[in-house]
Amino acid sequence: MNRRNFSRNVLMAGIAIPSLNLKTSPDSPQPEFQNYERKNLPEREFDVVVAGAGTAGVVAAIAAARQGAKTALIELKGYPGGTVVEGGTALHSFFNLWKAFPGVEKRQVVVGIPQEIIDRLLLIGGTSGHNEMTTNYDYDSVCTSIDTELYKLTAFEMLAEAGVFICVNTMVAGAVRKGSSVEGVITESRMGRELFKAKCFVDCTAYGDLSAKAGASFTELNDYSVCNSMGIANVNIEKLYEYLKSINTLGQLTFGRRDGKDNQVVRFGAEGAALTGSGLPSEYVAEMRKLGAGLITTTVHDNYLMFIKINYQLPGSPLNRDEVAKAELIIRQNQLKTLNLFKKYLPGCENAFIARTSPSLNIRRGRTIICDYDIASEDILQGKHFDDDIMVYGFHDEAPRLQVKNGGTYGVPYKALRVKDIDNLLAAGMMITSDHHAHMSTRNTVCCMGQGQAAGTAAALCALRKTGTRKLPYADLKNALKKDNVYLES
Ligand SMILES: Cc1cc2nc3c(=O)[nH]c(=O)nc-3n(C[C@H](O)[C@H](O)[C@H](O)COP(=O)(O)OP(=O)(O)OC[C@H]3O[C@@H](n4cnc5c(N)ncnc54)[C@H](O)[C@@H]3O)c2cc1C
């Protein structure tokens, strides 16, 4: 893997940050925002501003608003959801890995607002629910499949109901610092440039844009491939399923609710087989490998494969616009080639077509923002809990090779969300945790959602009390989280 590790010094809004001594990489593109004039910008004032309405940000903004904080949410795209509706396949994971450890109790370890989203989706056929895996359950015991479009709508409605001021089609373009605090976020939209001031901020942009522009320290590891997942429609799922079964290549098999009918296939694939070449035609396997494509998917609809991933290893940074532009084209070409392979080789896919792609490629990691604590791989594998846990979690994306000890949980501490050296900025989602093997757990959707609930709640409490993130008594945060149905048992 082509790993690069460098830090950048980012100036914001023309104000240098004297206390931070970060290195500037000579090959790093310099931000264009540093000379922004903040005077004369229209100003809006909030208690909490959440940047990024993705997996973590939606939950953060709902949590903050429900605490009574006047909350704004700023999102680049026209809808909320982020990578949970664009990248993945199942939502990993609301449960501990009990099926891999006989005798271990089944526990739902993430509840709160993330579960409310699932409850709402269930009402409109937008999820298969929490279905037990019938194979590969040493990887995950449960599969929760979602409908990407209904997730966007549900998130939007829940944000509106919570009273969040939702700014979609609006980009976080800069930040204004006052001493060790962020004073405001500079945004760009068709309404022009604005300054969103707040008492406390939460960065949920995945790329760590707000933190970086506010002068936080970060690393950029570039240790994953990027991806654009597509939805393929007009597929006879039963025919494809029977074919994969007949050649003994079915994996990750889960049954659940699909188009109103129970006990339907909602997750399946032949990824392992594609890698080893067993069962499937060798030309298909070789081409899939070349394209970075995988056949592992979830669905909540007949005739529809929700996520077919096309991976691509960027030669440079996912923050480099020009490298990304080249990759966007290559991946789209590879999507069509993958579709054609499906049509040619996979029974049931003869008349398939691409029904959905992500508006832009998805990253598995952009910047890693340096926080007061960096969760280590050993913390996760040993099931460590902290005296300031804000959630617990039990899934690891490298299972069965790496699993949380004994099918238990580890804790995500509050200090892992506090952006280092900044008094009123929290981070949540894929941008925390630098250790690759630890990140392979904390970056997963349900963990990001849980972090979002904690970060939004903490930001609201800080704002309403006019206190910094380090001065918030943990006992008060814990009480608020427990009241809002956050599971905190170790
Ligand atoms: C291809 C792929 C497959 C995956 N598969 C799975 C899986 O099967 N199961 C699983 O649990 N996890 C999976 N993951 C991991 C998981 O989906 C992500 O790590 C997680 O969703 C990230 O959540 P987040 O809140 O950090 O970021 P996101 O959900 O990406 O949210 C970030 C939001 O911020 C917005 N934004 C970014 N910059 C700005 C800006 N400057 N101004 C305003 N808005 C901005 C974005 O538009 C986006 O809406 C996968 C990830 C990828 C990429």
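**Exercise 1.** How many bridges join strand 12 to strand 13, and do the two strands run parallel or antiparallel?

*Solution.* The model is predicted, so that local features need pLDDT of at least 70 and side-chain atom pairs pLDDT 80 or more, whereas totals for chains, interfaces and linings use all residues. Residues are numbered from 1 along each chain as its sequence is written, and side-chain values use heavy atoms, without hydrogens and water. Strand 12 (residues 261–269) is joined to strand 13 by 3 bridges, and the two run antiparallel; strands are DSSP runs of E with at least two residues, numbered from the N terminus, and a pair requires at least two bridges found by DSSP. Within this pairing, G269 stands opposite I296 of strand 13.

**Exercise 2.** Place these strands in their sheet, and state which strands stand at the edges.

*Solution.* The sheet is open, with 3 strands in the order 11-12-13 and antiparallel pairing. Strand 11 (251–258) and strand 13 (296–298) each have a single partner strand, so one side of each is left without a neighbour in the sheet.

**Exercise 3.** Describe the polar contacts of the ligand with H92, V172 and N444.

*Solution.* A polar contact is a pair of N or O atoms within 3.5 Å; within protein, one must be able to donate a hydrogen and the other to accept it, and residues adjacent in sequence count only if both atoms are side-chain atoms. A backbone N or O atom of H92 lies 3.0 Å from a ligand oxygen atom, while a backbone N or O atom of V172 is 2.9 Å from a ligand nitrogen atom. For N444, a side-chain N or O atom lies 3.4 Å from a nitrogen atom of the ligand.

Methods. Helix = DSSP H or I, 4+ residues; strand = E, 2+ residues; numbered from the N terminus.
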